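Please open the model in your viewer and keep a selection panel at hand, since each stop below begins with something to pick.

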Amino acid sequence: MIISRNVIYTDAENTLKTDVIEINIETKDTKFFMYDNNNKVSIKKKKENGNN
């Protein structure tokens, strides 16, 4: 399965921004990558209680 075009994944603790997510459903292997090699996948941790 391939999910593409400015993908933003958000859960309770993190936000991930990427161009493409590639998932092998049988093995559950997951790859995140950008179309442009000069850009990087962004992973940011949300503030939990304002102390971090």
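Select Ile 2 together with Glu 22, its bridge partner in β2. This is a predicted model, in which local features need pLDDT of at least 70, side-chain atom pairs count only at pLDDT 80 or more, and totals for chains, interfaces and linings use all residues. Residues are numbered from 1 along each chain as its sequence is written, and side-chain values use heavy atoms, with hydrogens and water left out.

Widen the selection to β1 and β2, which pair in the antiparallel sense over 7 bridges (strands pair if DSSP finds at least two bridges between them) and which a hairpin of 3 residues joins.

Within strand β1, residues 2-10, pick Asn 6, whose phi is near 50°, a positive value in a residue other than glycine. Most residues other than glycine have a negative phi. Asn 6 is exposed, with a relative accessible area of 61% (exposed means over 50%, buried under 20%, partly exposed in between, with a 1.4 Å probe and protein chains only).

Move next to Lys 28, in the loop between β2 (14-23) and β3 (30-33), where phi is again positive, near 65°; at 69% relative accessibility, Lys 28 counts as exposed.

Finally, show the whole protein chain, which has 0 helices and 4 strands (DSSP runs, H or I of at least four residues for helices and E of at least two for strands, numbered from the N terminus). Of its 52 residues, 15% count as buried, and its C-alpha atoms fill a box of roughly 40 × 30 × 15 Å, taken along the principal axes.
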